[in-house]
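Welcome! Take a moment to look over the sequence and the model, and then let us walk through the places where something can sit inside or against the protein.

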Amino acid sequence: MSILVTGGAGFIGSNFVLDWLRQSDEPVVNLDVLTYAGNPENLASLDGDARHVFVKGDICDRALIDRLLAEHRPRAIVHFAAESHVDRSISGPGAFMRTNVEGTFNLLEAARAYWSQLAGEEKASFRFHHVSTDEVYGSLQAQDPPFAETNPYEPNSPYSASKAASDHLVRAWHHTYGLPVVTTNCSNNYGPYHFPEKLIPLMIVNALAGKPLPVYGDGQQIRDWLYVTDHCSGIRAVLAGGRLGETYNIGGWNEKANIDIVETVCALLDELRPDPAGPYSRLISYVKDRPGHDRRYAIDARKIERELGWRPAETFETGIRKTVQWYLDHPDWVARVQSGAYRDWVSQQYGG
Ligand code: NAD
Ligand code: TYD
C-alpha cells in the first residue's frame, strides 16, 4: 500500500511527508512540479529512503498522473499542490486558476478513472483527500462567530476564489460520480520550512537581516494560527476516519492580530538572539494595505474534535517558540532559499 501526495515539496506538504514517514512505513509517492515554493531540500533527510518516491511533475499532466496511479496503485491521494500566496494571486492570478482549478479538475478525473476500475476492498477504502483553506469562507466581522463547515462560501481574493472553485469540484465529483472524497479547510499554518514570503517567516528572516518588518494597513487583521504538524495530524485523522463527502475545519483556537504576531516574533528574537542595535520591534514598518484584505478569519474546529477526537497538540506559545528556534538553527536553509541557490540545484538536478 502507498499514498500519492501532491505538492509534497512545499511548506505543508513536506512537513506532512516527513511526519508520515516518521510514524509509518507506508510509502509516499510525492508529485511536485517544484515551482519557486517547492524545495526538495525540505526532504533531504529522506535521501536514499525507499519509502519516498519523488516525481517532478505537474498535476495538470494527465498522462503522468495516470501512469503514477497505474504503477503505484495508491490507496489514497492527498492533494496539497497549489499556488498558495494571496499577494501573488493579486499580481498574477493566472497561475492560480491553472494549478488550483484546472490541476484539481485533472487530478479528480485521473482519480475517478483509476478508482472506477478498482474492485472490492481496494475500491471501498480509496480516498481523495483535498487540502483547502478557511479563506474560502470570506471575511468575518469582529463579533461574528468563527467559520463552521456550514458557512456559505464568500471568497474575496483570486487565491481563495481558486481554492473555493477546487472545493466545489471535489464536492461535485463526490455527489455526481460517487468519488470517495474528504475535504479539510484549515487556518493559517506556521512552522519549519515555511517560505519567507508569508508573514511569520518573513518577519523572522527580515528581523535577523536588520530589514524593515512590513505590516500591512493598521496591522489589526486577525488570523487563526495552527502549528503545521497539528495540521498534518488533523489531515491524518480525517483521512483515516472522516466521513465521505464531508468537510472538516481544522484550526488552532488561536486568533491573533497581525501586529501581535509580529511583536511576539520580535520579543522571542530579543530573547534568543539579542541585537546590540536594540529591540527588533524598532524595525516594524506600517506599509500600504493589501487590496481587498480580509479582516478576520477564525475557525470553529468542534466537528473534527467531536467526530474524530482531534485537537491541536501545540499552543501558540510553544509553536511560535519552536518556529523561531528552527529558523535560528537553519541559517543555511534560509540563505539558500533567499539566494535562489536551491533553484539552481533544481535546474541542475532536473534539467530546468
Ligand atoms: P506552498 O506554496 O508552500 O507549496 C505548494 C507546493 O505545490 C509547492 O511544492 C509547489 O511546487 C507545488 N505545486 C504548485 N503547482 C503545482 C503543480 N501544477 N503541479 C504539482 N505541484 C505543484 O503551499 P502550502 O502553504 O504548503 O499549502 C499547501 C496546501 O495547503 C495548499 O493547497 C493550500 O491552499 C493549503 N493551505 C495552506 C495554508 C497555509 O497556511 N499555508 C492553510 C490552509 C490550507
Ligand atoms: P499571509 O502569511 O500572506 O497569509 P494569508 O494572507 O493567507 O492569511 O499573511 C498573513 C497576514 O499577514 C495577512 O493578514 C497579511 C499580513 N501580512 C503583512 O501584514 N505583511 C506582510 O509582509 C505579509 C506577507 C502579510
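## The second largest pocket

Helix H6 gives the largest share of the lining of the second largest pocket, with six residues. This is a predicted model, so please read every value below as computed from predicted coordinates. The pocket has a volume of about 270 Å³. If you would like to find the pocket on screen, look for its lining residues: Tyr153, Asp167, His168, Val170, Arg171, His174, His175, Val181, Thr183, Gly245, Glu246 and Thr247. Two elements give two or more residues to this lining, namely H6 and strand S6, which covers residues 181–186.

What kinds of residues make up the lining of this pocket? Six of them are polar, three are nonpolar and three are charged.

## Around ligand 1

Next, turn to ligand 1. There are 28 residues around it, and those that come nearest are Ile12, Asp32, Ser84, Tyr159 and Lys163. Sorted by class, this shell holds 13 nonpolar, twelve polar and three charged residues.

Some backbone atoms lie beside oxygen atoms of the ligand. In Phe11, a backbone N or O atom is 3.0 Å from an oxygen atom of ligand 1. Thr35 has a polar backbone atom that is also 3.0 Å from an oxygen atom of ligand 1. For Asn189, the distance from a backbone N or O atom to an oxygen atom of ligand 1 is 2.9 Å. How much of ligand 1 does the protein cover? On its own, ligand 1 has 840 Å² of accessible area, and the protein covers 96% of that.

Several elements give two or more residues to the shell around ligand 1: helix H1 (11–23), strand S5 (127–133), helix H6 (158–177) and strand S7 (188–190). S5 gives the most, with three residues. You have already met H6 in the lining of the second largest pocket, and here H6 appears again in the shell around ligand 1.

## Around ligand 2

Now for the other ligand. Ligand 2 is surrounded by 17 residues, and the closest are Glu135, Pro214, Asn258, Arg290 and His293. The shell divides into seven nonpolar, five polar and five charged residues. Helix H7 (199–208) and strand S8 (213–216) each supply at least two residues of this shell, and S8 gives the most, with three.

Which parts of the protein lie beside the oxygen atoms of ligand 2? Asn188 has a polar side-chain atom 2.9 Å from an oxygen atom of ligand 2. In Arg223, a polar side-chain atom lies 2.8 Å from an oxygen atom of this ligand. Tyr216 uses its backbone instead, with a polar backbone atom 2.9 Å from an oxygen atom of ligand 2. The protein covers 96% of the 510 Å² of accessible area that ligand 2 has on its own.

## A cavity inside

How many cavities of 30 Å³ or more does the structure hold? There is one, and the largest cavity has a volume of about 30 Å³. Its lining is made of Tyr190, Trp225, Leu226, Tyr227, Gly252, Asn254, Glu314, Thr315 and Phe316.

Strand S9, which runs over residues 222–227, provides the largest share of this lining, three residues. By class, the lining of the largest cavity has five nonpolar, three polar and one charged residues.

## The annotated domain

Finally, step back to the chain as a record describes it. An unreviewed UniProt entry places the feature "domain: NAD(P)-binding" at residues 4–323. Over residues 4–323, the chain is 42% helix and 17% strand. The C-alpha atoms at the two ends of that stretch are 28 Å apart.

Methods:
Residues are numbered from 1 along each chain as its sequence is written. Chains are lettered from A and ligands numbered from 1 in the order in which they are written. This is a predicted model: local features need pLDDT of at least 70, side-chain atom pairs count only at pLDDT 80 or more; totals for chains, interfaces and linings use all residues. Side-chain values use heavy atoms; hydrogens and water are left out. A residue is near a molecule or strand if one of its heavy atoms lies within 4 Å of it. A polar contact is a pair of N or O atoms within 3.5 Å; within protein, one must be able to donate a hydrogen and the other to accept it, and residues adjacent in sequence count only if both atoms are side-chain atoms. Accessible areas come from the Shrake-Rupley method with a 1.4 Å probe; for residues, only the protein chains shown count as cover. Helices (H or I, at least four residues) and strands (E, at least two) are DSSP runs, numbered from the N terminus. Ala, Val, Leu, Ile, Met, Phe, Trp, Tyr, Cys and Pro count as nonpolar, Asp, Glu, Lys and Arg as charged, and the others, Gly among them, as polar. UniProt positions are given in the numbering used here, feature names are shortened, and annotations may be inferred rather than shown by experiment. On a 1 Å grid over the protein atoms alone, a cavity is a set of points where a 1.4 Å probe fits but cannot get out, and a pocket is an open set with protein on both sides within 12 Å along at least five of seven lines; lining residues have an atom within 4 Å of a point. Grid points are joined across faces, edges and corners, and a volume is the space filled by probe spheres set on the points.
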